[in-house]
Amino acid sequence: MDKVLIEVYVPVLEKSYDFFVPLQSQMSEVLMLIKKGITELTDGDYVSDENVFLCHRDSGAIININKSVYELGIKNGSRLMLI
């Protein structure tokens, strides 16, 4: 399975986290894994709800979670933001 390395910035924490995500995964699944990963990495200091979303950090464009990582053109080094 091909994976890409992305950077996810979390403004509320003022920190960025790197994640490997599979190209064929739906972004809804990736979002769930990112939320869980950040909660674990912060020892529970970050707790998300169902209202968070991902967007491109550079443009602010909201990411459609109904498409795959590949379909969205996300590649190594893509910078996303969890809001």
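**Notebook: sheet, salt bridges and loops**

I began with one residue pair: Y9 stands opposite M81 in β4. The model I am reading is predicted, and every entry below rests on its coordinates.

**Entry 1, the parallel pair.** I looked up how β1 and β4 are joined. The two strands pair in the parallel sense, over three bridges. As a reminder to myself, strands of a sheet pair through backbone hydrogen bonds, either parallel or antiparallel.

**Entry 2, the antiparallel pair.** Next I checked β3 against β4. These two run antiparallel and are also joined by three bridges. On this side I noted L54, which stands opposite L82 in β4.

**Entry 3, the whole sheet.** In which order do the four strands lie? I read the order as β2-β1-β4-β3, in an open sheet with mixed pairing. The edges are β2 (15-22) and β3; each has a single partner strand, so one side of each is left without a neighbour in the sheet. I then took the twist: neighbouring strands are turned by 35° against each other on average, with direction ignored. For the helix, I found that α1 packs on the sheet and touches β1, β2, β3 and β4. The direction of α1 makes about 135° with that of β2.

**Entry 4, salt bridges.** I searched the whole structure for salt bridges and got two.

The pair I took up to begin with is E7 and R57, whose side chains meet at 3.4 Å, N to O. This pair links distant parts of the chain: E7 is in strand β1 (residues 3-10), R57 is in the loop between β3 and β4 (79-82), and their positions lie 50 residues apart in the numbering. I looked up the exposure of both partners. E7 is partly exposed at a relative accessible area of 22%, and R57 is partly exposed at 28%.

The other pair is D58 and R79, with a salt bridge of 3.4 Å, N to O, between the side chains. D58 lies in the loop between β3 and β4 and R79 in strand β4, so the pair ties together parts that are 21 residues apart in sequence. Is D58 exposed or buried? D58 has a relative accessible area of 64% and is therefore exposed, the cut-off being over 50%. R79, at 35% relative accessibility, counts as partly exposed.

**Entry 5, the loop after α1.** I went through the loop between α1 (27-41) and β3 (54-56), where F53 has its place. T42 is found in that loop, and so is D43.

Why does T42 count as buried? Its relative accessibility is 10%, and buried means under 20%. I listed the contacts of T42, leaving aside neighbours within four places in sequence, and got L13 and Y17. For T42 and L13, which are 29 residues apart along the chain, the C-alpha atoms are separated by 9.3 Å.

D43 I set down as exposed, at 72% relative accessibility.

**Entry 6, backbone phi.** Most residues other than glycine have a negative phi. I noted residues with a positive value. Phi of D43 is near 55°, and D43 is not a glycine. E14 has a positive phi of about 55° and is not a glycine either. I placed E14 in the loop between β1 and β2. At 65% relative accessibility, E14 counts as exposed.

**Entry 7, a surface patch.** Which residues form the nonpolar patch on the surface? I found F53, I62 and I83, with about 280 Å² of accessible area together. I checked F53 on its own as well: at 30% relative accessibility, F53 counts as partly exposed.

**Entry 8, recap.** I keep these points for later. The sheet is open and mixed in its pairing, with β2 and β3 at the edges. The helix α1 packs on the sheet. The search gave two salt bridges; one of them joins E7 and R57. In the loop between α1 and β3, T42 is buried, whereas D43 is exposed.

Terms used
Residues numbered from 1 in each chain as written. Predicted model: local features only at pLDDT ≥ 70, side-chain atom pairs only at ≥ 80, totals over all residues. Heavy atoms only, no water. Patch = residues over 30% accessible without salt bridge, like charges linked within 9 Å, V, L, I, M, F, W, Y side chains within 5 Å. Areas by Shrake-Rupley, 256 points an atom, 1.4 Å probe, with all protein chains shown as cover. Buried < 20%, exposed > 50% of the residue type's maximum accessible area, 1.4 Å probe, protein only. Pairing = 2+ DSSP bridges. Axes fitted to C-alpha atoms, helices over the stretch in contact; angles between N-to-C directions. Contact = heavy atoms within 4.5 Å.
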